[in-house]
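Me: Please take me slowly through one part of this model, beginning with a single loop residue and then moving outward to what surrounds it. I am in my first year, so plain steps would help me most.

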Amino acid sequence: MKFTTVLLVLAMVYPAATPIRSQDLPSDHSQWQTTVFRQAYRHLASAEEWAVLDTLSAGQLPGYVGLFWKRRDPTPTTEVNEFKDQFHDRVQWAATWFRWGNVDGPAWDIRGDVWIKYGEPDARGPIVARNERFAGPVAGPVVDFLGEQEVWQYFRENLRMQFQIDRGRMEHVPYIDLSLQEQPLGRYYDDRYDIHVSPVLYDPAPGVQHLDVALNAYPFRRVDGRYDLYVATSARMDRLARSTGYRKSELEYTVHVVAFATDLTEVWRDSVRVRRTLEGRHKGELIAHQWATELPSGLYIVGIEIAAASGRKHAAARRERWLVPYVESAELDLSPLVIAADVRDAEPAQGAFTRNRKTITPLPGGVVKKGQDVAFYHEVYNLRPDEWGTGQYRVEYTLHDLRNNDRRLLRSEDLIALEPDTYQSGRIPGDQLRKGEYILEVRTHDLVAGATKTALADFRVD
C-alpha cells in the first residue's frame, strides 16, 4: 500500500486590526492574573530574573517589575518605554485571540507564544491538509482529511511556523527548518506548559533605524566614601551623518545621559546637542562623548540615548554599575581597568576624564584598528604602609590572546607608593597586536599585607 501526503498552503497577508476585547489587561503588570503573568514573562526574563519573579510576594512584585522594564527601556532617557508597550500589546492580543479554554491550563495556545515573541506574522493563512492512501491501481486513492491547520511566516527571521488542532488543542507541527531547530518554541504535554524561547524580539517604530552605540561607566573611589563616575559613549559618525552634497554632509543629533538608583529615582541627567558640517568622508570614524559626575555608593542603571535630528536614526544603551562603599579597614582594592585610546599628561584645558594629572580617552566599545596603540589606566587603593609609612607593591600585566589561545607577560615590576592610594598607566604598542580578541589582566600584589587582587578588561583589534 502506498501513502502520499499532500499539503496545499494558502498564505495571505493579514492586515493589522484592533481586536474587540472583553477586558483589557491592566497597565500595571503586577496586577495581571497569575497564569497570564507567568506565561508572558517567561518569554522575557533571564533565569536569574525568573528565580526572583517566581518567589516575590504581591507587595514586592510592582517594584521589581518596574526595575525589570527600566533595564529594557530602548529609550531610557524618556518616560515612554516602547518595548514594554509593544510587549503589553502582544500579550493582550494573545490573551484575546488565542486564549486557552481550560482555566487550569495555559492562558493561550502556542500561537500566542509565537505572537508574543515575533509579533504579527508577515504572512498567515490556513492549510488544507489531506492524506492520500492508494489501496491499489483499480480502487484509486482514499483521502483522509487531517483537520484544521495554519501556517505563519516571518520573512526577516526566515521562519515558518505550522500549527494544527489535535484532539481539541492547538499544537506546533515540527517542520524541517533550520531556524526552528535553532530556536525551539516548545509544546504542550500532560496539561502542563513546557517552553524554551529566546528573548522576545523588539521591533522599532516603522522607518526608524537602530544604530550601534558603545557605552561604559567607570567608577573611582574618593576618600570621602563617594565615587567619581565617568561615562563614555561612542557611535559611528557615518551612520549618523546625512549627505548634503559631493563629499559634504551634515551631522545633527542630541545625546542624553541619565542615571537611575535602585528605586528608579533619577539621580543625574545631562545632555548635549551637536550640529556640524562635515567635509570629506568619515567611514569608520567615531563620535565620542564623555561626562563626569559624583554619586554615593549603590547600584545604578546608566542609560544613554543618541537621536538624529531627523528622528529616523536612533541609538540607546544601558549599563548597571555597583559602587561599593569605601571602608578604611578594607584590604587591597582596585578600580576598573580602563582600556583607552590615549592616556597622557593633563593639559591646562582638561577634559571630562582626568585623573591624577592624566587625561584619559576611553574606548567604550573596546575596538581598535590594527597598528593602533592600546592604552590603559587603573587605580590601587588601601595599600598597607610599612614601618616607614610607604606602600610596597608589585604589578604584573599579562595579555591573553583568545583567538590563538596564547598569553604573554608584558611587564612585572616592584613599586613604592607614598600614599595608600595610587595609580598605574601604560600602553601596548600597536605593532605587537594582531587582529583578534584580547584580555588584559593586571595582578596587583600588596607586598606588605600579602594581599593580591586582579582586574581584567577586554578589547578587540580589527
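**A loop residue and its surroundings**

Reply: Asn405 is exposed, with a relative accessible area of 76%; it earns that label because the cut-off for exposed is over 50%. Keep in mind as you look that this is a predicted model. You will find Asn405 in the loop that links S24 and S25. Its backbone is worth a pause, too: phi is positive, at about 50 degrees, although Asn405 is not a glycine. That catches the eye because most residues other than glycine have a negative phi.

Now step back to the strands on either side of this loop. S24 and S25 belong to an open sheet of five strands, and if you walk across it the order is S22-S28-S27-S24-S25, with mixed pairing. The edges are taken by S22 (367–368) and S25 (406–417); each has a single partner strand, so one side of each has no neighbour in the sheet. Strand S24, residues 391–401, runs antiparallel to S27, residues 436–446, and nine bridges join the two. To place one pair by eye, find Asp401 and look across to Tyr438 in S27, which stands opposite. While you trace any regular strand, remember that its side chains alternate between the two faces of the sheet.

Follow the chain back from S24 and you meet another loop, the one between S23 (374–381) and S24, which holds Asn382. Here again phi is positive in a residue other than glycine, this time near 65 degrees. The surroundings tell another story, though: Asn382 has a relative accessible area of 10%, so it counts as buried. Put the two loops side by side: Asn405 is exposed, whereas Asn382 is buried.

A third loop makes a helpful companion. Lys283 sits between S14 and S15, and at 73% relative accessibility this lysine counts as exposed. Leaving aside residues up to four places away in sequence, Lys283 touches Arg236 and Asp238. Arg236 is 47 residues away along the chain, yet the C-alpha atoms of Lys283 and Arg236 are separated by 8.0 Å.

What do the strands around that loop do? S14 (residues 266–279) pairs with S13 (residues 248–260) in the antiparallel sense, over 13 bridges. One pair you can pick out is Ser249 with its bridge partner Leu278 in S14. S13 and S14 make a hairpin with five residues between them, and in the turn Leu264 has a positive phi of about 75 degrees.

On the other side of the Lys283 loop, S15 is part of an open sheet of three strands, ordered S10-S11-S15, with antiparallel pairing. S10 (213–221) and S15 (286–295) are its edge strands; each has a single partner strand, so each has one side without a neighbour in the sheet. From one strand to the next, the twist averages 15 degrees. S11 (residues 227–236) and S15 run antiparallel and are joined by 10 bridges, and Tyr230 stands opposite Ala292 in S15.

To finish, let us turn from strands to a pair of helices. H4 (residues 82–97) includes Gln86. Gln86 counts as buried because its relative accessibility is 16%, and the cut-off for buried is under 20%. Again setting aside residues up to four places away in sequence, Gln86 touches Leu201, Tyr202 and Asp203.

The axis of H4 comes within 9 Å of the axis of H5 (residues 110–118), and the two cross at roughly 165 degrees. That angle makes H4 roughly antiparallel to H5. The crossing is right-handed. From H4, Phe87, Arg90, Val91, Trp93 and Ala94 meet Gly112, Trp115, Ile116, Lys117 and Tyr118 in H5. These contact residues divide into seven nonpolar, one polar and two charged.

Is H5 itself enclosed or open? Nine of its nine residues are buried, so H5 is largely enclosed by the rest of the structure. Its buried residues include the charged Arg111, Asp113 and Lys117. Just after H5 comes Gly119, with a positive phi of about 85 degrees.

Key
Residues are numbered from 1 along each chain as its sequence is written. This is a predicted model: local features need pLDDT of at least 70, side-chain atom pairs count only at pLDDT 80 or more; totals for chains, interfaces and linings use all residues. Side-chain values use heavy atoms; hydrogens and water are left out. Helices (H or I, at least four residues) and strands (E, at least two) are DSSP runs, numbered from the N terminus. Buried means under 20% relative accessible area, exposed over 50%, partly exposed in between (1.4 Å probe, protein chains only). Contact means heavy atoms within 4.5 Å. Axes are lines fitted to C-alpha atoms, for helices over the stretch in contact, and angles run from 0 to 180 degrees between N-to-C directions. Angles under 35 degrees count as roughly parallel, over 145 as roughly antiparallel, 65 to 115 as roughly perpendicular and the rest as oblique. A crossing is left-handed if the near helix is turned anticlockwise from the far one by less than a right angle, and right-handed if clockwise. Two strands pair if DSSP finds at least two bridges between them.
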